[in-house]
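This briefing sets out selected features of one model for computational work. The sequence and the structure are shown first, and the points follow by topic.

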Amino acid sequence: MKRPAQALIAAVALGSLTAVTGCSGEGEPMTFDGPSAAASAPGRAPAPAPATPRGGGKAVPRTLMPAGPKAEFTTANTLPDGTRIGVTTLRGAKSGFTGKVWVWAPPQYFDPRYAASGFPVLIALPGGNGYPNNYWMGTDLKLQSSISEWSKEGKSLPFVVVMPVLNPDKEHYYDGSDIPGRPRMGTWMTEDVPDFVRANFRTFASRDGWAFMGSSSGGFVGLKSVLKHPDRFKAVIASGPDTVPDSPLWAGHEKERRANDPERLAAALGAKPDSEDRAVYLAFQVGSRETGVANVRSFVGKYTKGPVKTRLQVIPDGEHNARTYVKGMGDGSIQWISEHMQAPVPASAPQAFSPPARGTAARP
């Protein structure tokens, strides 16, 4: 089921086109440095506050300030609000794999009120091969601009969106896993990419600040990653996902394949006592016109128990494509995971905020 539907292929093409032709300042050096450079800028309306922090009096998870080494970003795309999607090449210290990673930070990230706060991270994965581009880095699908708008409306936290390549080539699917003898894509996705984010962005030490979002094959990888590492990641929006590992590269490695099977992982986690520190939140999305509706319903019905919390959104007239899934996010999925994650926490005394001038350190 890994081969994408025609509509999903079209979404990949659109994302690739945007990367080549569609943005102001494309290829210019840029940085995601913190908001200190904006603190003394002339006053303008501050960035909208995000949804209320979760927890109802619970202690806020510790903020981790960027630890370095600092990555070198160039501009891949620019949104209408002036925020930018940056791209860099990550050499994974733990996986040994080298690939591109795109990142977008919301307007709130550059607001001095949040200079001392971590931000939640959403690792966004595409369908299809997801190589050499991750199609979420294009502006045509409006993922980033939608999150920005939803955060103003209180539907979403202002996530830092991280978009790594999904596979190391166009020939095979690696199921986001360490298949013996192959590039270690499981380590890349769940260790190298988060380490890179912590090196360059203000994050939370707790898993309350970490989630995945993915379509089709990317939905499988996000789902599997959360179930396999509930100590690191708390939630996923899995859209039209596969629910079993089916890469042909698993041949001869059945033990390892089973260790990366979401159904086995969900059954094992669901058998444990329910508790806040191990609960995971799986937001499934599927278009009503997809062939995978019954499979997703079956997974939800069978494995929702104990620490495994689920939500299923069937998108009316939806198909197996990225545009359908962004609509589903706005219709409820992004709000549901946001309610269970940690919001950035503003300083008690708000300061005036103005986006820094083009090319300065604080502009995305």
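A residue counts as buried under 20% relative accessible area, as exposed over 50%, and as partly exposed in between. Val-60, with a relative accessible area of 43%, is therefore partly exposed. The model is predicted. The points below begin with the sheet, pass to its strands and a helix, and end with a pocket and the surroundings of Val-60.

**Sheet architecture**

- An open sheet is formed by 10 strands, and its pairing is mixed.
- The strand order in this sheet is β1-β3-β4-β5-β7-β6-β9-β10-β11-β12.
- Its edge strands, each of which pairs on one side only, are β1 (29-30) and β12 (308-315).

**Strand β3 and its neighbours**

- Strand β3 spans residues 73-78, and five of its six residues are buried, so the strand is largely enclosed by the rest of the structure.
- On one side, β1 and β3 run antiparallel and are joined by two bridges; Met-30 has Phe-73 in β3 as its bridge partner.
- The pairing of β3 with β4 is also in the antiparallel sense, over four bridges, and here Thr-75 stands opposite Gly-86 in β4.
- These two strands, β3 and β4, form a hairpin with five residues between them.
- Within the turn of that hairpin, Gly-82 has a positive phi of about 95°.

**From β4 to β5**

- Strand β4 covers residues 84-91 and strand β5 covers residues 98-104; seven bridges link them in the antiparallel sense.
- Across this pair, Thr-89 has Lys-100 in β5 as its bridge partner.

**Strand β7 and its neighbours**

- All five residues of strand β7 (residues 160-164) are buried, so β7 is largely enclosed by the rest of the structure.
- Both of its faces are covered: Val-160, Val-162 and Pro-164 are buried on one side, and Val-161 and Met-163 are buried on the other.
- β5 and β7 run antiparallel and are joined by four bridges, with Trp-102 opposite Met-163 in β7.
- By contrast, β6 and β7 pair in the parallel sense, over three bridges.
- In that parallel pair, the bridge partner of Leu-122 is Val-161 in β7.
- Val-161 and Met-163, which both take part in these pairings, belong to one and the same covered face of β7.

**Helix across the sheet**

- Helix α4 (residues 217-228) lies across four strands: β6 (121-125), β9 (210-215), β10 (235-239) and β11 (280-287).
- Relative to β9, helix α4 runs at about 155°.

**Second largest pocket**

- The volume of the second largest pocket is about 200 Å³.
- Its lining consists of 17 residues, and those nearest the pocket centre are Phe-32, Asp-33, Gly-34, Pro-66 and Asn-200.
- By class, this lining has 10 nonpolar, three polar and four charged residues.

**Surroundings of Val-60**

- Val-60 is placed in the loop between β1 and β2 (63-64).
- Leaving aside residues up to four places away in sequence, Val-60 touches Phe-204, Gln-342 and Val-345.
- Val-60 and Ala-343 are 283 residues apart in sequence, while their C-alpha atoms are 9.0 Å apart in space.

How values were computed
Residues numbered from 1 in each chain as written. Predicted model: local features only at pLDDT ≥ 70, side-chain atom pairs only at ≥ 80, totals over all residues. Heavy atoms only, no water. 1 Å grid on protein atoms, 1.4 Å probe; cavity = no way out; pocket = protein on both sides within 12 Å on 5 of 7 lines; lining within 4 Å. Points joined across faces, edges and corners; volume = space filled by probe spheres on them. Nonpolar A, V, L, I, M, F, W, Y, C, P; charged D, E, K, R; others polar. Pairing = 2+ DSSP bridges. Contact = heavy atoms within 4.5 Å. Axes fitted to C-alpha atoms, helices over the stretch in contact; angles between N-to-C directions. Buried < 20%, exposed > 50% of the residue type's maximum accessible area, 1.4 Å probe, protein only.
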